[in-house]
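Visitor: I have not met this structure before, and I would like to learn how to read a few of its features. Could you take me through them one at a time?

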Amino acid sequence: MSYTYDLVLQNGTINDPANHLYGRFDLAVKDGKVAEIAPTISAELARDRVDVTGLNVLPGVVDLHMHASAWLGGRFAHKMMALAGVTTALDMSGPIDSVLDIARDYGCGLNIACINYVRPGDTVADTDPSKAQLEDLLAANLKAGAIGFKILGGHYPLTPEATAAAIDVAIDNGAYLAFHAGTLETRSDIGGFMEAIDITANRNIHLAHINSYCRGRVRDCQNEAEQAISKLKENPNIVSESYLSPVNGTSGECKNGMVQSQVTVMCLEARRYETSEQGLEQAIRDGWAQVNREVGGVVILSTGQSAVDYWRARNTDTTISFAVNPEMPRLRLATARREDSSFVVDCISTDGGGIPRNVTVEKGLALVRLEAMTIDDFALKASYHPARILGLGDKGHLGIGADADITVVDLKSLRPVMTFCCGKTVMYRGRVFERGSTMITSPAGQKNVESKGLRSLVVDSQATPFCTLR
Ligand SMILES: [Zn+2]
């Protein structure tokens, strides 16, 4: 016999702020879409039934900042995100080819988008690429399946002029543009943040991980957070995210005895280590630098001699984390509001993926428990806003006909309990069930994505432009 519905979630509390739906309802799924929400839906109508009594049913968590490439994050990113309750995520650096390979070989049923880095000596020749070079790079990135550029200024700076050109090239071509603040004239701090907003010149961009510019490098960290908040209020064209983990994630790569990433350099300076390969080795041994280490299908943070050995065995090319994020800017940036009561920082992200800090649900729900925000506020920041920034009209809410991407959470344990992507069970009580990935891509990238054996979800940035929320 045929059933009316594929799945019904019974007795949950639904929190769908975009549709002003709050309360105890049953939710039915058919063909991957939300088909009905009603006080009672008979289980007899559905092929599958899950009782979610006592749990909250939210639109699937969308992580607007994560890493899932061989360069950063690595192959277990998908599983780690699935376990953390994420259903859709944006890889914020690429390289796109590696993101696609990992999505195919290690995918767990999630929806993944990727923006590719503009990196001197790698994707562009030097720190001052011409507009024509940037046009060529963007065209190649889009064709490969990425949806835009990531400017990695804080790690691998460009000149301010080339940074502005990269922003123009991406936006003029309808591509996504995210910026980790910093140029050859500033660094990854509040000074770089202020410069980034000036360079952006009222265009609609995504400014990455606001908390990372408020680590107390220039002034007191709380003072820096207040400055960031007032500047964001004055510049509604900027969409942004901040994350809730104490640890960052950066590159441990050394060449000719020197640390390559400027962020790693700054983290070593913060504890007065030498900014050389020797200094980094000592910091790992002492526990200040934590090597991201693959163990048992996930990534953990590791220190001491065994971590040094692991880092050496990989020719220093591992991700390294430092506990550089003070608590007050994290809390303040997550909860600060504009005069109209909307959030100053639009999304809670993780900058995680394969970097072990996918704590949006556990730490975001802790803010709900503290009454620093409501569960509906959490659904806005962790799902609806990031979905809209990515131009995904069918995600981030649970309206009839929306994609059945769902994260079910337990407000008592502060944990994700189960997730569904287009109605398929991705994670259930700590086990991951799905395989493969759906790549969110542009019309130019669809062919390459599908040729890799990946499903495609094509976004039309003409109809729903990226990075517009206000
Ligand atoms: Zn990142």
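Visitor: Are Trp71 and Tyr117 buried or exposed?

Guide: In this model, which is predicted, Trp71 is buried, and Tyr117 is buried as well; buried here stands for a relative accessible area under 20%.

Visitor: How should I describe the way two such rings sit together?

Guide: In general, a pair of aromatic rings is described by two values, the distance of the centres and the angle of the planes. The search of the whole structure finds six aromatic pairs, and one of them, formed by Trp71 and Tyr117, is edge-to-face, with 5.0 Å centre to centre and 85° between the planes. This pair links distant parts of the chain, for Trp71 lies in the loop between β6 (61-67) and α1 (77-83), while Tyr117 belongs to strand β8, 46 residues apart.

Visitor: Which residues do the ring pairs link into a cluster?

Guide: The cluster consists of Trp71, Tyr117 and Tyr156, linked by ring pairs.

Visitor: How do I read a helix, and which residues of α3 are buried?

Guide: One can begin with the length and then ask which way the residues face. Helix α3 (residues 131-144) has 14 residues and reaches 20 Å from its first C-alpha to its last, close to the 20 Å expected at 1.5 Å a residue. The buried residues of α3 are Leu134, Leu137, Leu138, Asn141, Leu142 and Ala144. Because these residues cover an arc of only 155° around the axis, they lie on the same side of α3, whereas Asp136 and Lys143, on the other side, are exposed.

Visitor: What do the buried residues of α3 pack against, and what follows the helix?

Guide: Those buried residues pack against α2 (96-106), β8 (108-118), β9 (148-151), α4 (160-172) and α13 (446-451). After α3 comes Gly145, whose phi is positive, near 125°.

Visitor: How do I read a sheet, and why is one side of β13 and of β17 left without a neighbour?

Guide: It helps to follow the order of the strands and then look at the ends of that order. Here an open sheet of four strands has the order β13-β18-β16-β17, and the pairing is antiparallel. β13 (250-251) and β17 (298-302) stand at the edges, each with a single partner strand, so one side of each has no neighbour in the sheet. β13 is joined to strand β18 (residues 319-321) by two bridges, the two strands running antiparallel, and the bridge partner of Ser251 in β18 is Thr319. Helix α9 (residues 305-313) packs on this sheet, touching β16 (290-295), β17 and β18, and the direction of α9 makes about 75° with that of β16.

Conventions: Residues are numbered from 1 along each chain as its sequence is written. This is a predicted model: local features need pLDDT of at least 70, side-chain atom pairs count only at pLDDT 80 or more; totals for chains, interfaces and linings use all residues. Side-chain values use heavy atoms; hydrogens and water are left out. Two strands pair if DSSP finds at least two bridges between them. Contact means heavy atoms within 4.5 Å. Axes are lines fitted to C-alpha atoms, for helices over the stretch in contact, and angles run from 0 to 180 degrees between N-to-C directions. The expected span of a helix is 1.5 Å times one less than its number of residues. Buried means under 20% relative accessible area, exposed over 50%, partly exposed in between (1.4 Å probe, protein chains only). The arc is that of the directions from the helix axis to the C-beta atoms. Rings of Phe, Tyr and Trp (its six-membered ring) pair if their centres lie within 6.5 Å; planes under 30 degrees apart count as stacked, over 60 as edge-to-face and the rest as tilted.
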